[in-house]
Amino acid sequence: MTESRRTAPGPVVDAGWLGAHLGDPGLVLIHVTNSRDEYDQAHLPGAVYAHGYDDFTAERDGIRALVPGRAQMAATLGRLGVAKGARVVLYAGAPSAWPSRAYWVLRYFRWPDAHVAEAALPALARAGLPTTTERVVPRPASVELPEPDDSLLASYEQVLEVVEGRAGKTPGQVLDCRTTQEHVGEATGAQPAPRSGRVPGSIHMNWEMLVDGDGRFLPREQLRSLYAAAGVDGSREVFPYCGGGVRSAASWFVMHELLGFEGARNYDGSWAEWSRRGELPVERG
């Protein structure tokens with residue numbers, strides 16, 4: 001086994017590591033976005049294109065952007081050329097929550113070797129990484145996935161338990177990762193929703209507070225301080241949500257993977273589900 005395969009980086013890989021390992025056997029770079037044009041304009045050499053919504057979400061029972069089923073995800077990874085044992089590095093062409101969402105999906109299906117690049121492509125290029133416009137046609141692979149790790153996902157029932165027990169019966173927390181306008185009910189975000197507002201009692205911290213202008217996560221102690229200021233310190237279960245479980249996956253990534261908050265569980269259904277279920281309470285203002 002080569003040194004590159006023995007040395008396992010952390011959840012985030014920096015430009016220096018990427019530059020040293022571009023072209024490694026078994027390394028799969030995935031440029032995940034919702035714009036093929038973005039990929040065509042520039043991407044890392046050897047990177048394959050993945051569409052965020054099409055490849056890392058699915059619609060079920062009228063609820064958009066849910067985690068794909070196991071068979072669907074296995075087929076997607078196979079189409080992207082992600083074979084058994086591959087080391088996957090995810091990045092985007094601009095600051096985005098999609099790499100974190102894709103990472104969360106892979107971790108949900110227990111993929112053992114997934115990572116997020118430290119920043120979006122422009123910053124990686126400034127750090128000296130080459131880019132190309134040459135499209136990569138993945139070599140199809142056969143992929144089998146195990147049963148998912150449900151400890152990384154929160155259901156609306158679990159979130160409702162927190163809401164109903166927030167006076168002390170249930171110690172969990174709900175974290176709204178959307179914009180202020182969405183949180184107070186003045187907007188529903190980029191996607192339409194039957195109702196506007198927020199999960200009652202939810203803490204608000206826009207996921208964009210976690211990154212700089214290059215899409216790079218802030219230093220860990222600064223991140224820890226941001227969460228602490230919001231009342232989140234990792235001592236309790238915390239369920240981040242957004243419009244469809246994408247932006248909240250970035251907050252989950254920071255809490256669970258970078259800060260070690262083991263009780264962080266992404267509410268995948270998020271507002272797309274909560275707003276559709278008329279029996280669930282909504283708070284505005």
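Here are some friendly notes on the strands, sheets and helices of this predicted model.

1. Let us begin with the five-stranded sheet. It is an open sheet of 5 strands in the order β1-β7-β6-β2-β3, and the pairing is parallel. At its edges stand β1 (12-13) and β3 (48-51), each of which pairs on one side only.

2. The β1 edge is worth a look in your viewer. Strand β7 covers residues 114-117, and 2 bridges join β1 to β7, the two running parallel. Within that pairing, Val12 stands opposite Val116 of β7.

3. There is also a second sheet. This open sheet has 3 strands, ordered β10-β9-β11, again with parallel pairing. Here β10 and β11 are the edge strands; each has a single partner strand, so one side of each is left without a neighbour in the sheet. As a reminder, strands of a sheet pair through backbone hydrogen bonds, either parallel or antiparallel.

4. What does β9 pair with on its two sides? With β11 (residues 238-241) it pairs in the parallel sense over 4 bridges, and with β10 (residues 203-204) it pairs in the parallel sense over 2 bridges. Taking the β11 side, Gln173 has Val238 as its bridge partner, while Val174 has Phe239. On the β10 side, Leu175 stands opposite Ile203.

5. Are the residues of β9 buried or exposed? All of them, over residues 173-176, are buried. Gln173 and Leu175 point one way from the strand, and Val174 and Asp176 point the other way. Asp176 and Gln173 are thus named among the buried residues along with Val174 and Leu175.

6. Helix α11 links this sheet to the helices. It packs on the sheet and touches β9 and β11, and its direction makes about 145 degrees with that of β11.

7. The packing of α10 (residues 220-229) with α11 (residues 247-258) can be described in some detail. The two helices pack at an angle of about 115 degrees, and their axes are 11 Å apart. The range for roughly perpendicular is 65 to 115 degrees, and α10 and α11 are therefore roughly perpendicular to each other. The crossing of α10 past α11 is left-handed. On the α10 side the contact is made by Arg220, Leu223 and Tyr227, and on the α11 side by Ser251, Val254, Met255 and Leu258. Sorted by class, this contact has 5 nonpolar, 1 polar and 1 charged residues.

8. If you like reading helix faces, keep the usual geometry in mind: an α-helix has 3.6 residues a turn, so residues three or four places apart point the same way. In helix α5 (residues 70-79), the buried residues are Met73, Ala74, Thr76, Leu77 and Gly78. These buried residues pack against α4 (52-56) and α6 (98-108). Just after α5 comes Gly81, which takes a positive phi of about 80 degrees.

9. Finally, a residue in helix α7. Pro122 is found in this helix, which covers residues 121-126. Why does Pro122 count as partly exposed? Partly exposed lies between the 20% and 50% cut-offs, and Pro122 has 41% relative accessibility, so it falls in that class. Pro122 also offers a long-range pair to check: Pro122 and Gly215 are 93 residues apart in sequence, yet 9.6 Å apart in space, C-alpha to C-alpha.

Methods
Residues numbered from 1 in each chain as written. Predicted model: local features only at pLDDT ≥ 70, side-chain atom pairs only at ≥ 80, totals over all residues. Heavy atoms only, no water. Buried < 20%, exposed > 50% of the residue type's maximum accessible area, 1.4 Å probe, protein only. Pairing = 2+ DSSP bridges. Axes fitted to C-alpha atoms, helices over the stretch in contact; angles between N-to-C directions. Parallel < 35°, antiparallel > 145°, perpendicular 65-115°, else oblique. Left-handed = near helix turned anticlockwise from the far one by under 90°. Contact = heavy atoms within 4.5 Å. Nonpolar A, V, L, I, M, F, W, Y, C, P; charged D, E, K, R; others polar.
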